[in-house]
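User: I have a model open and want to go through it step by step. Can you take my questions in turn?
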There are 2 protein chains.
Amino acid sequence: MTSVEEPARPGERERVRDAARTQAEILDVATQEFARAGYDGARVDEIAARTRTTKRMIYYYFGGKEQLFTAVLERAYGVIREAEQQLDVEHLDPVAAIRRLAEVTFDHHEQHPDFIRLVSIENIHEAQHIAASEKLGRIGSPALDVIRRILEEGRRSGLFTADVDAVDLHAMISSFCFFRVSNRHTFGALFGRDLVAPAQRAHYRTMLGDMVIAYLTAERAAD
Amino acid sequence: MTSVEEPARPGERERVRDAARTQAEILDVATQEFARAGYDGARVDEIAARTRTTKRMIYYYFGGKEQLFTAVLERAYGVIREAEQQLDVEHLDPVAAIRRLAEVTFDHHEQHPDFIRLVSIENIHEAQHIAASEKLGRIGSPALDVIRRILEEGRRSGLFTADVDAVDLHAMISSFCFFRVSNRHTFGALFGRDLVAPAQRAHYRTMLGDMVIAYLTAERAAD
DNA sequence: TCACGAATGTACGAACTAGTACGTTAGCTA
DNA sequence: TAGCTAACGTACTAGTTCGTACATTCGTGA
């Protein structure tokens, strides 16, 4: 997610004043700070201090703490959106495709703990920033379209017995991936097991895939 | 979770000074306030204002904001612990028992959104209050023992093919129940679906049971 | 090269917030 | 019933934190 620190591409002299770079740097640091301490725990002064610029610039470019947090969320959601657009699983058979999709989701959650924390924080605030954001209003999800098509194909070929909706399946996969990262601290403290321990990674990754496939292909009494 | 407002049982005159009642009232209000705004967003003055007592008493009984939050967590975890002890599913066959357990977990999460929020908040703070609490250090979970025994029975009778660990199964069930409540706001805002809409309740409750049972009973290649 | 605005830095203030010093009173017990 | 202590209330402070007024400088287009 670090989008700064490109130390002046050759030929492009490092300017002292660079609006885009300043904004990106603020967003980088703000992402860390908000993820670290939550919205109210985050300090505007702290964000400014860890930037090459000053607090003044935060207000100049973003308007205030609230809008800064919204901007952080917008960029963070943009990243997953891009990742989802890279999804290339539809050449696989439905079972393999869903398993692959689950694995990609699993990996993405593991690799972006800050994003998970931001989403948790935004939920504590009842998604008010997303609601107030035009960009995030109806961002849509490329992954959902992919899931929809795979499910269609799986049902048509008779492999999938479950009549699941794409949004629900997405919720099922996400919940496991999200919980594993978001609740690792309380879960670890209470049950003495680190859900994100590297040694357990493959185990949980397989477990997720098994679970989803078992659900989709289970023999089921007609409704 | 409200433990006050028993308006002086007959014969027991309402005393003006009642340490236990004052503490319980502070905990009730603090639970709401912390759940509403997060640890840093919560205001000690606000908690005091919504109590029949004053801020002075919060410091008198609990020592400070940090310890108050810890006390709130301790009580909240105590409530689920008690609920789990009421679990009575072992007279059922393993499949029915697990499904019932999943449903009870599902219902409990739905009925205690404040608890879910507190746990989310505690995770943002990396479970530091749980770690610092003697009561919560190794509270253990009655539900885990129940799961362990059901799994044992299910495996012995050949109904369950999966060689799952009780803690992992608990994580699987919890993740779905927890996510549905904790992430309902962002999920709703982004995908336009309210995961806790009453009309969908039965649907998701069944989905969870189907998922867990499918996983446990799936035909699986020998490892 | 010069003027003009975008970009930036400094210093400060007003409001808030956790925590406390000090004084008071209810109610139990001897 | 007297007195002692747990329980309680008021008023205040020190420190923090978001936000801004005002002054300054860089870079670019005319």
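User: By class, how do the residues in the lining of the largest pocket divide?

Analyst: This is a predicted model. The lining of the largest pocket holds 33 residues. Polar residues number ten and charged residues four. The nonpolar class has 19.

User: Which residues lie nearest the centre of the largest pocket?

Analyst: The space in this pocket comes to about 630 Å³. Its lining has 33 residues, and the ones nearest the centre are on chain B. They are B:Ile80, B:Glu84, B:Thr105, B:His109 and B:His170.

User: Which helix gives the largest share of the lining of the largest pocket?

Analyst: Several helices supply at least two residues each. From chain A there is helix 11 (184-191). From chain B there are helix 4 (65-85), helix 5 (94-111), helix 6 (113-124), helix 9 (142-156) and helix 10 (166-182). The largest share, six residues, comes from helix 5 of chain B.

User: What is the secondary structure of chain A, in helices and strands?

Analyst: From the N terminus on, the elements run α-α-α-α-α-α-α-α-α-α-α-α. The C-alpha trace of chain A spans about 65 × 45 × 35 Å along its principal axes. The count is twelve helices and zero strands.

User: What percentage of the residues in chain A is buried?

Analyst: Buried here means under 20% relative accessible area. Chain A has 223 residues to sort by that cut-off. The buried part is 53%.

User: Among contacts in chain A between residues at least 6 apart in sequence, what percentage joins residues at least 24 apart?

Analyst: A contact needs heavy atoms within 4.5 Å. Pairs under 6 apart in sequence are left out of this count. Of the contacts that remain, the share joining residues at least 24 apart is 70%.

User: Now the DNA. Which residues are closest to DNA strand D?

Analyst: DNA strand D has 22 residues around it. Of its atoms within 4 Å of the protein, 55% belong to sugar and phosphate. The closest residues come from both chains: A:Arg17, A:Arg43, A:Lys55, B:Arg17 and B:Thr53.

User: Which residue has a side-chain N or O atom 2.7 Å from a phosphate oxygen of DNA strand D?

Analyst: B:Tyr61 places a polar side-chain atom 2.8 Å from a phosphate oxygen of this strand. B:Asp18 uses a polar backbone atom, at 3.4 Å from a phosphate oxygen. The side chain at 2.7 Å is that of A:Arg43.

User: Which helix gives the most to the surface near DNA strand D?

Analyst: By class, that surface has eight nonpolar, four polar and ten charged residues. Four of its residues come from one helix of chain B. That is helix 3.

User: Which residues come nearest to DNA strand C?

Analyst: There are 23 residues around DNA strand C. Sugar and phosphate make up 55% of its atoms within 4 Å of the protein. The nearest residues are A:Arg56, A:Tyr61, B:Arg17, B:Arg43 and B:Lys55.

User: Which side chain has an N or O atom 2.6 Å from a base oxygen of DNA strand C?

Analyst: A:Thr54 has a backbone N or O atom 3.4 Å from a phosphate oxygen, not a base. B:Arg56 puts a polar side-chain atom 3.5 Å from a base nitrogen. The contact with a base oxygen, at 2.6 Å, comes from B:Lys55.

User: How many residues of the surface near DNA strand C are charged?

Analyst: Helix 3 of chain A gives the most to this surface, with four residues. By class, eight residues are nonpolar and four are polar. The charged ones number eleven.

Key
Residues are numbered from 1 along each chain as its sequence is written. Chains are lettered from A and ligands numbered from 1 in the order in which they are written. This is a predicted model: local features need pLDDT of at least 70, side-chain atom pairs count only at pLDDT 80 or more; totals for chains, interfaces and linings use all residues. Side-chain values use heavy atoms; hydrogens and water are left out. On a 1 Å grid over the protein atoms alone, a cavity is a set of points where a 1.4 Å probe fits but cannot get out, and a pocket is an open set with protein on both sides within 12 Å along at least five of seven lines; lining residues have an atom within 4 Å of a point. Grid points are joined across faces, edges and corners, and a volume is the space filled by probe spheres set on the points. Ala, Val, Leu, Ile, Met, Phe, Trp, Tyr, Cys and Pro count as nonpolar, Asp, Glu, Lys and Arg as charged, and the others, Gly among them, as polar. A residue is near a molecule or strand if one of its heavy atoms lies within 4 Å of it. A polar contact is a pair of N or O atoms within 3.5 Å; within protein, one must be able to donate a hydrogen and the other to accept it, and residues adjacent in sequence count only if both atoms are side-chain atoms. Buried means under 20% relative accessible area, exposed over 50%, partly exposed in between (1.4 Å probe, protein chains only).
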